[in-house]
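Thanks, everyone. Let's take a quick walk through one model. Please have the structure open as I talk.

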Amino acid sequence: MKCRDLLIFLLMIMIVTGCVEKEIIDDVNLITALGVDLVEDQKIKGSANIDTYIKDQPVTDRVIVEESKLARELVSNMQKQSPDPLVLGKLQIVLFGESLAKQGLTEMVDTLQRDASIGERLLLVITRGEANAILESDFATLGAAKYLTNLVLQNKLNRDLPRTNLHLFLYQHYSKGQDPFLPIIKKNEESGSVEIDGLALMDERKMVGEISNEKLLFFKVLADQYTKGTYTVEMPATGESVGVKSIASSRELKVVSTNPIKLKIKVHIEGFINEYTGKKITPEVTGEVEKAFKEIVEKESLALIEKFKELKIDPIGIGDDLRSQSRTFLIDEWRDRIPELEVDLQADVVITESGVID
């Protein structure tokens, strides 16, 4: 009986597998990066980056551009310009033009999540100007998709960008206790290179504000665990500059009251000094660095929270923490109550070592 059941099971697998549409890589064009812009008459312009493979030659980029009123029709319309079927199974990054982001991304994101061939780790970014201009840039032999994904991931792992991808964006987008955020990239007109240019803040559907590169460290401390990074502390008493490296952080949020809404946020930061413009690093200097860095973190973090209150957004997930810690808190009222938020923020900064030879 067991052998018969096993045989039936194997036959079912073979039948189901036979129904899956097969695609041979040599017979299709793989879209690896996609740009979407808002154009006239409320149309959207799609720019699909396709990797072209030629024997014994580096990979080259080809960009197909098409316009449509519906996001779902973009790739279908692009098929007219491609000698082989266009597929999204290798899509690595999607670029949204700034104008489109300020109008709203709900339709585009909904289209992406409904395509089963697209992975949840897909990267999403917003561009200064048109996304098409970014994809048309010269990325040499690396190619647009690999260059742009490396740019975002490197700055997430080693610098100040918080974690973002399609999966996290969808959670934040549909959550009542947190709002989405996405990296901003731009083309440097002088060098021609593409670089990080801050973080876009969004409400339930569109971009409503942004954070500059200089403030990203403080946002990441509030919204995400910091594992690596550097920051230059200017010492107010002496005017010396101190480089703090390998910054690691953790955040603890405690609800004090829900009516009015009062919170206590504790931030713990560790790092070591790898550069100092003064003569010698002493225990007194280390203590002064800890104090100065602590004051900077507290001041800049509270300034960001005030910015969120003005915009009535919650990119760091305070609403989710309130809901999990208080049974009386009504999440449906959270957006209207964001401006009344009161926060007592305390930073604990620890310099573990100097990291240099005195």
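**Cavity, sheet, core and pockets**

Let's start inside: the largest cavity is lined by Ile 305, Phe 308, Lys 309, Ile 313, Asp 314, Ile 316, Ile 318, Trp 334, Ile 338 and Leu 341. Keep in mind that this is a predicted model. The volume of this largest cavity is about 40 Å³. The structure holds one cavity of 30 Å³ or more. Which element gives the most to its lining? Helix H9 does, with three residues. By class, the lining of the largest cavity has eight nonpolar residues, two charged and no polar.

Now to the sheet that H9 packs on. Four strands make up an open sheet. The order is S10-S11-S12-S13, and the pairing is mixed. Which strands stand at the edges? They are S10, residues 230–234, and S13, residues 342–351. Each has a single partner strand, so one side of each is left without a neighbour in the sheet. On average, neighbouring strands here are turned by 40 degrees against each other, direction ignored.

H9 covers residues 283–311. This helix touches S10, S11, S12 and S13. Its direction makes about 150 degrees with that of S13. A second helix, H10, residues 318–325, lies across S11 and S12. H10 runs at about 45 degrees to S11.

Look at S11 and S12 together. S11 is residues 241–258, and S12 is residues 261–276. They pair in the antiparallel sense over 14 bridges. One of the pairs to find is Ser 257, whose bridge partner in S12 is Lys 262.

Two backbone details now. Most residues other than glycine have a negative phi, and most peptide bonds are trans. Where does Pro 260 sit? In the loop between S11 and S12. The peptide bond from Asn 259 to Pro 260 is cis, with omega near 0 degrees. The second detail is Lys 312, in the loop between H9 and H10. Lys 312 is not a glycine, yet its phi is positive, about 55 degrees. Is Lys 312 buried or partly exposed? Its relative accessibility is 32%, so Lys 312 counts as partly exposed.

Next, another set of strands. Start with S6, residues 123–127. Five of its five residues are buried. In a regular strand the side chains alternate between the two faces of the sheet. On one side of S6 we have Leu 123, Val 125 and Thr 127. On the other side are Leu 124 and Ile 126. All of these are buried, and both faces of S6 are covered.

What does S6 pair with? S5, residues 93–97, pairs with S6 in the parallel sense over five bridges. There, Phe 96 stands opposite Ile 126. S7, residues 181–187, also pairs with S6 in the parallel sense, over two bridges. Thr 127 has Ile 185 in S7 as its bridge partner.

Two helices to note in the covered regions. Leu 166 lies in H7, residues 166–174. Its relative accessibility is 2%, so Leu 166 counts as buried. What does Leu 166 touch beyond four places away in sequence? The contacts are Val 109, Ile 118, Gly 119, Glu 120, Leu 122 and Leu 124. Leu 166 and Leu 112 are 54 residues apart in sequence, but 8.6 Å apart in space, C-alpha to C-alpha.

The other helix is H8, residues 216–223. Seven of its eight residues are buried, so H8 is largely enclosed by the rest of the structure. Among those buried residues are Phe 218, Phe 219 and Lys 220.

Last, the pockets. The largest has a volume of about 340 Å³. Of the 19 residues that line it, the closest to its centre are Val 75, Leu 88, Thr 111, Asp 115 and Ile 118. H2 (74–78), S4 (86–87) and H4 (106–113) each give two or more residues to this lining. Its classes are ten nonpolar, five polar and four charged.

The second largest pocket has a volume of about 280 Å³. Of its 16 lining residues, Arg 163, Gln 178, Ala 223, Asp 224 and Ile 316 are the closest to its centre. H7, H8 and H10 each supply at least two lining residues. H7 gives the most, with three. This lining divides into seven nonpolar, four polar and five charged residues.

One link to finish: Ile 316 lines the largest cavity, and Ile 316 also lines the second largest pocket.

Notes
Residues are numbered from 1 along each chain as its sequence is written. This is a predicted model: local features need pLDDT of at least 70, side-chain atom pairs count only at pLDDT 80 or more; totals for chains, interfaces and linings use all residues. Side-chain values use heavy atoms; hydrogens and water are left out. Two strands pair if DSSP finds at least two bridges between them. Axes are lines fitted to C-alpha atoms, for helices over the stretch in contact, and angles run from 0 to 180 degrees between N-to-C directions. Contact means heavy atoms within 4.5 Å. Buried means under 20% relative accessible area, exposed over 50%, partly exposed in between (1.4 Å probe, protein chains only). On a 1 Å grid over the protein atoms alone, a cavity is a set of points where a 1.4 Å probe fits but cannot get out, and a pocket is an open set with protein on both sides within 12 Å along at least five of seven lines; lining residues have an atom within 4 Å of a point. Grid points are joined across faces, edges and corners, and a volume is the space filled by probe spheres set on the points. Ala, Val, Leu, Ile, Met, Phe, Trp, Tyr, Cys and Pro count as nonpolar, Asp, Glu, Lys and Arg as charged, and the others, Gly among them, as polar.
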